[in-house]
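This report walks through one chain, from its cysteines to its sheet and helices. Please keep the sequence and the model in view while reading.

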Amino acid sequence: MTKAQVKSAAQSKKEKEKKEAPAPTPAKKAAPASAPTPIAQPKLTKLQEQMKKTLAGGKFRFLNEQLYTTTGEEAFDLFQSKPELFDEYHEGFRSQVESWPQNPVDIFISQLRPMPKDTVIADLGCGDAQISAELPKHNVLSFDLVAKNERVTACDIAHLPLSDNSVDVAIFCLSLMGTDFLKFLKEAYRVLKPNGQLKISEVISRFTDVDAFVSALKTIGFELRDSDSSNKMFIMFDFIKPDRSLASASKKSKKSKTGKKQKVQEDDDVEMGDIDDEVGPSLLKPCIYKKR
């Protein structure tokens with residue numbers, strides 16, 4: 001064989017061996033570290049479950065009593081210093097309301113849903129802002145002692161961060177809780193627009209005298225439009241903030257045919273004026289749950 005043929009044969013052999021050589025085994029990837037196995041919590045016995053519920057119930061009763069027997073400012077300071085208490089209170093509150101045949105917040109939501117989307121609604125003492133969550137396209141402003149989520153503004157609802165005459169509907173759903181709750185209602189009057197609506201639901205057993213409660217709100221400046229005591233657990237009220245400027249103008253312009261001013265009869269209106277905040281506890285008793 002010539003040198004050229006030998007060289008050619010060697011080249012061919014190398015190429016053949018290269019083709020027949022097994023492909024290199026790829027390096028094995030390290031197996032990802034497995035997540036630590038969570039430690040199973042021991043199942044509580046029936047006695048332990050009962051003890052846990054008793055302790056939770058005791059804390060709820062304590063917090064509930066604090067809310068009903070202190071001012072709004074004191075309650076705000078307490079929950080701002082320990083926001084976790086807000087969750088513990090509302091967990092107990094939800095367990096109480098679950099046994100009711102109907103929750104008033106669901107009634108309010110059904111009343112608000114048909115309203116125009118630009119209606120300004122102030123949910124005062126909103127908890128976790130259920131009204132805002134269920135009416136996301138409405139303009140709902142939610143206020144409570146703690147900002148439970150991004151929908152809530154934390155404040156003492158006796159001092160709302162809102163301008164005068166800026167709200168169409170104000171809601172108090174089981175939230176007239178402080179000893180100075182009349183301040184909450186006066187603040188609602190301030191922020192409501194003329195002819196704005198005030199909607200209230202409260203536990204029926206709290207009322208010492210429903211007529212006296214209504215009279216107090218008339219003194220603040222509201223007019224009662226409707227009430228519903230058909231539910232065995234709570235009473236609902238619908239008030240409005242009347243447009244006093246129009247009423248005043250109407251009285252001035254109304255004259256008899258002889259040209260003399262004619263006295264305008266008002267429907268059982270109590271004269272509007274200031275009302276002492278300390279009167280509040282005599283109108284609504286604190287809702288204190290008995291120890292079991």
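## Cysteines

Cys-126 has a relative accessibility of 9%, so this residue counts as buried. The model is a predicted one. Cys-173 is buried too, at 13% relative accessibility.

Why does Cys-126 form no bond with Cys-155? Cys-155 holds the closest cysteine sulfur, but that atom is 8.8 Å from the sulfur of Cys-126, too far for a bond. A disulfide needs the two sulfur atoms within 2.5 Å. By this rule the structure has zero disulfides.

## The sheet

Seven strands form an open sheet with mixed pairing. Their order is β3-β2-β1-β4-β5-β7-β6. Which strands stand at the edges? They are β3 and β6 (223-228). Each has a single partner strand, so one side of each is left without a neighbour in the sheet. From one strand to the next, the twist averages 20°.

Strands of a sheet pair through backbone hydrogen bonds, and the pairing is either parallel or antiparallel.

## Strand β1 and its partners

Strand β1 covers residues 120-124. Five of its five residues are buried, so the strand is largely enclosed by the rest of the structure. In a regular strand, side chains alternate between the two faces of the sheet. In β1, Val-120, Ala-122 and Leu-124 point one way. Ile-121 and Asp-123 point the other way. All of these residues are buried, the acidic Asp-123 included.

How many bridges join β1 to β2? There are five, and the two strands run parallel. Strand β2 spans residues 139-144. Within it, Ser-142 stands opposite Asp-123. β1 also pairs with β4, again in the parallel sense, over three bridges. On that side, Ala-122 stands opposite Ala-170 of β4. Ile-121 has Val-169 of β4 as its bridge partner.

## Salt bridges around helix α7

The structure holds nine salt bridges. Side chains of opposite charge can pair when their charged atoms come close. One of the nine joins Arg-190 to Asp-164, at 2.6 Å from N to O. Arg-190 lies in helix α7 (residues 181-191). Asp-164 sits in the loop between β3 (152-154) and β4 (167-173). The pair therefore ties together parts that are 26 residues apart in sequence.

Arg-190 also meets Glu-187 in a salt bridge, with an N to O distance of 2.8 Å. These two residues are three apart in helix α7, which separates them by about one helical turn. Is each side chain buried or exposed? Glu-187 is buried, with a relative accessible area of 9%. Arg-190 is partly exposed, at 25%. Together, Asp-164, Glu-187 and Arg-190 are linked in a network of salt bridges.

## A link between β4 and β5

Asp-168 and Lys-193 form another salt bridge, 3.2 Å from N to O. This pair links distant parts of the chain. Asp-168 belongs to strand β4 and Lys-193 to strand β5 (residues 192-203), 25 residues apart.

Both ends of the bridge are partly exposed. Asp-168 has 22% relative accessibility. Lys-193 has a relative accessible area of 28%.

## Helix packing

Two packed helices are described by the angle between their axes and the distance between the axes. α7 packs against helix α8 (residues 210-220) at an angle of about 45°. Their axes are 10 Å apart. The two helices are therefore oblique to each other. In which sense does α7 pass α8? The crossing is right-handed.

## The loop before α7

Thr-179 is found in the loop between β4 and α7. With 26% relative accessibility, this residue counts as partly exposed. Where does Thr-179 stand relative to Lys-285? In sequence the two are 106 residues apart. In space they are 9.3 Å apart, C-alpha to C-alpha.

Note on methods. Residues are numbered from 1 along each chain as its sequence is written. This is a predicted model: local features need pLDDT of at least 70, side-chain atom pairs count only at pLDDT 80 or more; totals for chains, interfaces and linings use all residues. Side-chain values use heavy atoms; hydrogens and water are left out. Buried means under 20% relative accessible area, exposed over 50%, partly exposed in between (1.4 Å probe, protein chains only). A salt bridge is a side-chain nitrogen of Lys or Arg within 4 Å of a carboxyl oxygen of Asp or Glu. Helices (H or I, at least four residues) and strands (E, at least two) are DSSP runs, numbered from the N terminus. Two strands pair if DSSP finds at least two bridges between them. Axes are lines fitted to C-alpha atoms, for helices over the stretch in contact, and angles run from 0 to 180 degrees between N-to-C directions. Angles under 35 degrees count as roughly parallel, over 145 as roughly antiparallel, 65 to 115 as roughly perpendicular and the rest as oblique. A crossing is left-handed if the near helix is turned anticlockwise from the far one by less than a right angle, and right-handed if clockwise.
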